[in-house]
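Reader: I should be grateful for a close examination of one part of this model, set out as a single connected account. Please work from the interior outwards, and then place that part among the polar interactions found elsewhere.

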Amino acid sequence: MPPLGSSNSLRARRAVRTDAGLGGSPGEAAGTDAGRTLRRLAPSALLSRAGRAPFPLASPSWPESVPRPAPTPELGVHYDTAWSRRYPVRLARAMVLDNVARPLARVVASPLLRGEEDLAALGAPVIFAANHASHIDTPLLLSCLPLRFRHRTVVAAAADYFFDRRWKADTWSFVLAAIPIERTKINRRSVDLAAELLEDGWNLIIFPEGGRSPDGWAQTFHPGGAGYLAVRTGRPVVPVHLDGTRHILAKGRKGVHRTRTTVTFGSPLWPDEGENPRRFSVRIEAAVATMAHEADSDWWTARRQAAAGTTPALHGPEAAPWRRSWMLPEAPDRRDRGPDNETEWPRRSG
């Protein structure tokens, strides 16, 4: 074995350094220049030449042999609305509701309130269950609630409609204190959130139909909404009937039309011992149907037919679309026009 300082050993090491571009005569000088060039390159240049930044400047690549976990959803029923119930946001929303929504509601809808006395002795939290015919329903009902309910009320909104985009979720969470609810089935996450808020003292506005009326007639109330939450939490349900809102902004119609409306609060309902959500939901729908019949006739007629079980159904007659449209009640502005009404065809029959 040759000694470490032999000429053969030195030539071998110099050859290795020269081939590697790290030193030695012309090759050594070229390697030094290349090293200096690399040190002078900015990270952006490294990225452009190599195709991606090295690990300290970017996240590491995912190993192909390891399956990627599903990304955590942030919209729909998974949208976090806790920020919208913090005090600064609540204060800003109260300013908007009292100084913008209420005056606009007076101008556009001219609401007549009925049944407020039924809320006088009712303690919060409460579930307000209303029919749904227009996008104007929510701000109108919110603006008509008594002050002690108004600023501590959340709105159950369709997760697939109001929470499908980040800007929509942020907007409705702020303006309406909306929370995402699955409207086609009972979703544990959304129902748990609504129940927790009720137990925490928040009131809830919910539309048991699950969406706006497609033709002016109400849809069947789903038991998984107000009925289920009332049975689960033991909180009362206040049935609410909104009359005339479809004439302001019906589903599929563009533009807003000023029309008088009536907001009627019914007597609070509690689930009976052992009553299941489906039966309780039927009772809620019957109470709203009675108030709808009252708006189209009078208090005595509506109560008499309710006692006899002959109240017209909220979802209208089983008939052709043209007949269903013809049988819809008139706009509130046209019901009390005087003698001219005698020339109108009869509408809903008892």
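**Helix 4 and its surroundings**

Author: Seven residues of helix 4 are buried, namely Val89, Arg93, Ala94, Leu97, Ala101, Ala105 and Val108. The model is a predicted one. Against what do these residues pack? Their partners are strand 1 (111–114), helix 5 (137–144), helix 6 (147–150) and helix 8 (166–176).

The geometry of the helix may be considered next. Helix 4 comprises the 22 residues 87–108, and at 1.5 Å a residue it should span 32 Å; the C-alpha atoms at its ends are 30 Å apart, which agrees. Along its course, helix 4 bends by about 35° at Leu97, and Leu97 is also one of the buried residues. After the helix comes Ser110, with a positive phi near 45°.

Helix 4 also takes part in a salt bridge. Asp98 and Arg150 meet through their side chains, with an N to O distance of 3.1 Å. Because Asp98 lies in helix 4 and Arg150 in helix 6, the pair ties together parts that are 52 residues apart in sequence. Helix 6 thus appears twice in this account, since it is among the elements against which the buried residues of helix 4 pack and it supplies Arg150 to the salt bridge. Are the two partners buried or partly exposed? Arg150 has 9% relative accessibility and so counts as buried, whereas Asp98, with a relative accessible area of 28%, is partly exposed.

This pair may be set beside others, for a search of the whole structure finds eight salt bridges. In one of them, the closest N and O atoms of Asp164 and Lys168 are 3.0 Å apart. Asp164, at 28% relative accessibility, counts as partly exposed, while Lys168 counts as buried at 14%. In another, the side chains of Glu294 and Arg303 meet at 3.0 Å, N to O. Here Glu294 is buried at 13% relative accessibility, and Arg303 is partly exposed with a relative accessible area of 29%. Salt bridges with shared partners also join Asp164, Arg165 and Lys168 into one network.

Helix 5, another packing partner of helix 4, leads to a further polar site. Ser134 is placed in the loop between strand 2 (127–130) and helix 5, and its relative accessible area of 0% makes it buried. A polar atom of the Ser134 side chain lies 3.1 Å from the backbone nitrogen of Ile136. The side chain of Ser134 also reaches the backbone oxygen of Leu249, at 2.5 Å. When residues up to four places away in sequence are not counted, Ser134 touches Arg212, Thr245, Arg246 and Leu249.

Helix 11 offers a second case for the span calculation. Its 20 residues, 277–296, should span 28 Å at 1.5 Å a residue, and the C-alpha atoms at its ends are 29 Å apart, which agrees. At the start of helix 11, a side-chain oxygen of Asn276 comes within 3.2 Å of the backbone nitrogen of Arg278.

To return to the part under examination, helix 4 bends at Leu97, packs through its buried residues against strand 1 and helices 5, 6 and 8, and is linked to helix 6 by the pair Asp98 and Arg150.

Technical notes:
Residues numbered from 1 in each chain as written. Predicted model: local features only at pLDDT ≥ 70, side-chain atom pairs only at ≥ 80, totals over all residues. Heavy atoms only, no water. Helix = DSSP H or I, 4+ residues; strand = E, 2+ residues; numbered from the N terminus. Expected span 1.5 Å × (residues − 1). Polar contact = N/O pair within 3.5 Å; in protein donor to acceptor, adjacent residues only side chain to side chain. Bend = angle between axes of the 7 residues up to and from the residue. Buried < 20%, exposed > 50% of the residue type's maximum accessible area, 1.4 Å probe, protein only. Contact = heavy atoms within 4.5 Å. Salt bridge = Lys/Arg side-chain N within 4 Å of Asp/Glu carboxyl O.
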